[in-house]
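Work through the exercises below with the sequence and the model side by side. Try each task before reading its solution.

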Amino acid sequence: FELDSVTADPVPLDESEGISDFRWVPRQEMSAVAEHLKSLDHHSRELGDWGRFRAVAHEFILKVT
């Protein structure tokens, strides 16, 4: 998400989502995050599919901003 104003850190509402981490990332680091997400297939196929899916949003932000 690209945010202009934040009053608190986001938290998952559904514990079954398996979100284990959250961090703020400056726009200039989004490309590195997308590349890391796409490399998750080295750990498992399931993570690789998820990582490639999530990387699309990061790459989209880079193209439209």
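**Exercise 1. Classify the residues of a salt-bridge network.**
Is Glu59 buried, partly exposed or exposed? Then find its salt-bridge partner and trace the network onward.

Solution. This is a predicted model.
- Step 1: Glu59 has a relative accessibility of 26%. Buried needs under 20% and exposed needs over 50%, so Glu59 counts as partly exposed.
- Step 2: Glu59 forms a salt bridge with Lys38, with the closest N and O atoms 2.7 Å apart. Lys38 sits in helix α1 and Glu59 in helix α2, so this pair ties together parts that are 21 residues apart in sequence.
- Step 3: Lys38 also forms a salt bridge with Glu35, where the closest N and O atoms are 3.0 Å apart. Both residues are in helix α1, three residues apart, which means about one helical turn separates them.
- Step 4: Check exposure again. Lys38 is partly exposed at 29%, and Glu35 is partly exposed at 44%.

**Exercise 2. Find the bridge that involves the loop.**
Which residue forms a salt bridge with Asp41?

Solution.
- Step 1: The partner is Arg52, with the closest N and O atoms 3.6 Å apart.
- Step 2: Asp41 belongs to the loop between α1 and α2, while Arg52 is in helix α2, so the pair ties together parts that are 11 residues apart in sequence.
- Step 3: Asp41 has a relative accessible area of 38% and is partly exposed. Arg52, at 35%, is partly exposed too.
- Step 4: Now group the bridges by shared partners. Glu35, Lys38 and Glu59 join into one network. The search of the whole structure finds four salt bridges.

**Exercise 3. Test the geometry of α2 and locate its buried face.**
What span should helix α2 have, and how far apart are its end C-alpha atoms?

Solution.
- Step 1: Helix α2 covers residues 45-64, which is 20 residues. At 1.5 Å a residue, the helix should span 28 Å.
- Step 2: The end C-alpha atoms are 29 Å apart, which agrees.
- Step 3: List the buried residues of α2: Gly48, Gly51, Ala55, His58 and Ile61. Down the axis, they fall within an arc of 125°, so they line one face of the helix.
- Step 4: Turn to the face away from the buried side. The exposed residues there are Glu46, Phe53, Val56 and Lys63.
- Step 5: Ask what covers the buried residues. The cover includes α1.

**Exercise 4. Follow the contacts into the core.**
Which residues make up the largest nonpolar core?

Solution.
- Step 1: The core has five residues: Val33, Ala34, Leu37, Leu40 and Ala55. Helix α1 (residues 30-38) supplies the largest share, three residues.
- Step 2: Look at Ala55. Beyond its neighbours within four places in sequence, Ala55 is in contact with Ala34, Leu37 and Lys38.
- Step 3: Look at His58 in helix α2. Its relative accessible area is 14%, under the 20% cut-off, so His58 is buried. Not counting residues up to four places away in sequence, His58 touches Met30, Val33, Ala34 and Leu37.
- Step 4: Finish with Val25, in the segment before α1. Val25 is partly exposed, at 24% relative accessibility. With residues up to four places away left out, Val25 touches Met30 and Val33.

How values were computed:
Residues are numbered from 1 along each chain as its sequence is written. This is a predicted model: local features need pLDDT of at least 70, side-chain atom pairs count only at pLDDT 80 or more; totals for chains, interfaces and linings use all residues. Side-chain values use heavy atoms; hydrogens and water are left out. A nonpolar core is a set of buried Ala, Val, Leu, Ile, Met, Phe, Trp, Tyr and Cys residues joined through side-chain atoms within 4.5 Å. Buried means under 20% relative accessible area, exposed over 50%, partly exposed in between (1.4 Å probe, protein chains only). Helices (H or I, at least four residues) and strands (E, at least two) are DSSP runs, numbered from the N terminus. Contact means heavy atoms within 4.5 Å. The expected span of a helix is 1.5 Å times one less than its number of residues. The arc is that of the directions from the helix axis to the C-beta atoms. A salt bridge is a side-chain nitrogen of Lys or Arg within 4 Å of a carboxyl oxygen of Asp or Glu.
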